[in-house]
Amino acid sequence: MYMMVDTRKQVEYFDSKIEFSTGPIELKSLIDKKEDINIVDVRQQEDYKKGHIPGAINLPKDRWDTLEGLNKDKTNIVYCYDQQCHLAANACKHFAENGYPVMELEGGFGAWRDHSLPVEK
């Protein structure tokens, strides 16, 4: 069944997606260039301890209200488990509502690992 689509909404969606998300290769490039970013892992602490993106802080859902480790003067790049996980998107919304600039890492930690990028323990 064909539906009439409002292409203006599509343009707005993809403009936002481009502006507020990044991929693992792009993030690795930002890290290598020593860009002024803050990487935030919102997975459970035990998963963070098993391995995370180098330099990432851990801020699991039960601690989001503390806003601990976030930075209002840097872009906070937030990631969770994988493409199907919506923790990062929910965290980004919560952090942005509290005045913190955010971007979501597309594909989460799974995409990072899939590209064989460095992992810190």
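Let's start at the N terminus and walk along the chain: the elements follow one another as α-β-α-β-α-β-β-α-β-α. That pattern adds up to five helices and five strands. The radius of gyration is 15 Å, close to the 14 Å that the globule rule gives for 121 residues, so the chain is as compact as a globular protein of that length. Keep in mind as you look around that this is a predicted model.

How far does the chain reach in space? Along its principal axes, the C-alpha trace spans about 50 × 35 × 30 Å. Its accessible surface comes to about 7,700 Å², and 51% of that belongs to carbon and sulfur atoms. Of the 121 residues, 38% count as buried. The contacts also tell you how the chain folds back on itself: among those between residues at least 6 apart in sequence, 66% join residues at least 24 apart.

Now find strand E4, which covers residues 75–79. Is it enclosed or open? Four of its five residues are buried, so E4 is largely enclosed by the rest of the structure. Strand E2 (residues 37–41) pairs with E4 in the parallel sense, over five bridges. You can pick out one such partnership by looking for Ile39, whose bridge partner in E4 is Ile77. E4 also pairs with strand E5 (residues 102–105), again in the parallel sense, here over three bridges. In that pairing, Val78 stands opposite Glu104 of E5.

Next, look for Ile53, which sits in the loop between helix H3 (45–50) and strand E3 (57–58). Is this loop residue buried or exposed? Ile53 has a relative accessible area of 0%, and buried means under 20%, so Ile53 is buried. Which residues does Ile53 touch, leaving aside its neighbours within four places in sequence? Its contacts are Leu27, Ile31, Ile39, Tyr79, Leu105, Phe109 and Trp112. You have already met Ile39 as the bridge partner of Ile77. Phe109 is worth a second look: it is 56 residues away from Ile53 along the chain, yet their C-alpha atoms are separated by 7.5 Å.

Finally, let's move to the outside. Tyr13, Phe14 and Ile18 make a nonpolar surface patch of about 360 Å². Phe14 belongs to helix H1, which runs over residues 7–20. Why is Phe14 called partly exposed? Its relative accessibility is 45%, which lies between the 20% limit for buried and the 50% limit for exposed, so Phe14 counts as partly exposed.

Methods:
Residues numbered from 1 in each chain as written. Predicted model: local features only at pLDDT ≥ 70, side-chain atom pairs only at ≥ 80, totals over all residues. Heavy atoms only, no water. Patch = residues over 30% accessible without salt bridge, like charges linked within 9 Å, V, L, I, M, F, W, Y side chains within 5 Å. Areas by Shrake-Rupley, 256 points an atom, 1.4 Å probe, with all protein chains shown as cover. Salt bridge = Lys/Arg side-chain N within 4 Å of Asp/Glu carboxyl O. Helix = DSSP H or I, 4+ residues; strand = E, 2+ residues; numbered from the N terminus. Buried < 20%, exposed > 50% of the residue type's maximum accessible area, 1.4 Å probe, protein only. Rg over C-alpha atoms; globule rule 2.2 N^0.38 Å. Contact = heavy atoms within 4.5 Å. Pairing = 2+ DSSP bridges.
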